[in-house]
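Colleague: I should like to learn how packing features are read from a set of coordinates. Could we work through one example together?

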Amino acid sequence: MSVSTALTRRMILLMPLAAAACRRGPDILELSGTTMGTRYALVAVDHDRKVDAPTVRAAVETALARVNRQLSNWDPNSEVSRFNTAQAGTAMPLSAEVHSVLAAAERIHGASDGAFDVTLGPLIETWGFGAQPGAARSPNADAIAASLAQTGQDKLRLGAASLSKTNSKTTVYTSGIGKGYGVDQVVEALAALGLTDFMVEIGGDLYAAGRNPDGLPWRIGIETPNPHDRAVQRVADVSGLGVATSGDYRNYFEQDGVRYSHILDPRTGRPVTHRTASATVLAPNAMLADGWSTAMLALGRERGLAVADRADLAVLFVERDTASQGGGFVATPSRRYQELQG
């Protein structure tokens, strides 16, 4: 065999390998970390293999640090914390981002008949579910009434670029909407890097964009609201949607044979007592899904379905089945949820 013939054959063998290398699949980036007192995780499909993990992590961490500087109730220098220590009548300037969060909270508050309220901090602390150390407990009627006097979104005045309050003791507590907003900020950071297919999750609130690594819609498991069993109640196919679930089955206490959920009714200042154990919302972004899932759980399935259909919201309610011998659950979707999930 001549040298030229041998080289030719070797080139023929190598050419398919080179072509295969050019066609190799996308990078699958998986990152996780801590933020907002919980964990975040993301999976992104990098079709062009142009973004490395350190670049993505830097963008994500920068976005989350900015969110904490804006909304954290634990950072005394955050925008929210500075507002909480302000006196009544003081118009505090707001960043455009915080203004958008509070404007969304105001809309959800109105559309949910007041079931969502970002001023419940005093009540949350009174019931022992807040950041202050101490066991959860059932307070007396006077303590509840005193906390109720400090709460209520009607005590907030949201201006074009500022926020004030009519009661100096009124505070903003963003736990019911802040994680979803944080997800959305990470989504913007990933989109700015040119990524189109990804899933971002912070403490159970998430947003799924495009397709998963298999080229299919992201499949999101909705947990059965049982603290002793991590089973999946339903699976939702999600693309271009935020998803959030609020439940009463992980954060609660029992006293004198009575079970008290951390989900408080803003009208009564007491934990909800209906049979709804969880509410999952699919929405255009994670912030809305987060806020609305809190409102839907506070409302419960019966009132919540009416509000969901009126607002064209995709909601899945899961209730305790009191007629079941085994303590099972019953899932009820809203009209919009059925349309989205078939």
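Colleague: Which charged end sits over the ring of Phe83?

Modeller: A charge sits over a ring if NZ of Lys or CZ of Arg is within 6 Å of the ring centre and within 35 degrees of the ring normal. Here the charged end of Lys165 lies over the Phe83 ring, 4.7 Å from its centre. This is a predicted model, in which local features need pLDDT of at least 70 and side-chain atom pairs count only at pLDDT 80 or more, while totals for chains, interfaces and linings use all residues. Residues are numbered from 1 along each chain as its sequence is written, and side-chain values use heavy atoms, with hydrogens and water left out.

Colleague: How are the strands of the open sheet ordered?

Modeller: In a regular strand the side chains alternate between the two faces of the sheet. Strands (E, at least two residues) and helices (H or I, at least four) are DSSP runs numbered from the N terminus, and two strands pair if DSSP finds at least two bridges between them. In this model 3 strands form an open sheet in the order E3-E5-E4, with antiparallel pairing. Strands E3 (92-93) and E4 (156-158) are at the edges with a single partner strand each, so one side of each has no neighbour in the sheet. E3 is joined to E5 (residues 162-165) by 2 bridges, and Pro93 stands opposite Ser162 in E5. Between E4 and E5 there are 3 bridges, Arg157 being the bridge partner of Ser164 in E5. E4 and E5 form a hairpin with 3 residues between them.

Colleague: At what angle do the axes of H4 and H8 cross?

Modeller: Two packed helices are described by the angle between their axes and the distance between the axes. Axes are lines fitted to C-alpha atoms, for helices over the stretch in contact, and angles run from 0 to 180 degrees between N-to-C directions. The H4 and H8 axes come within 10 Å and cross at roughly 5°. That makes H4 roughly parallel to H8 (angles under 35 degrees; over 145 is roughly antiparallel, 65 to 115 roughly perpendicular and the rest oblique).

Colleague: How do H7 and H8 run relative to each other?

Modeller: The axes of H7 (residues 178-192) and H8 (residues 286-311) come within 7 Å and cross at roughly 170°. The two helices are therefore roughly antiparallel. Contact means heavy atoms within 4.5 Å; the H7 residues Gly178, Lys179, Gly180, Tyr181, Val183 and Asp184 meet Ala286, Met287 and Asp290 in H8.
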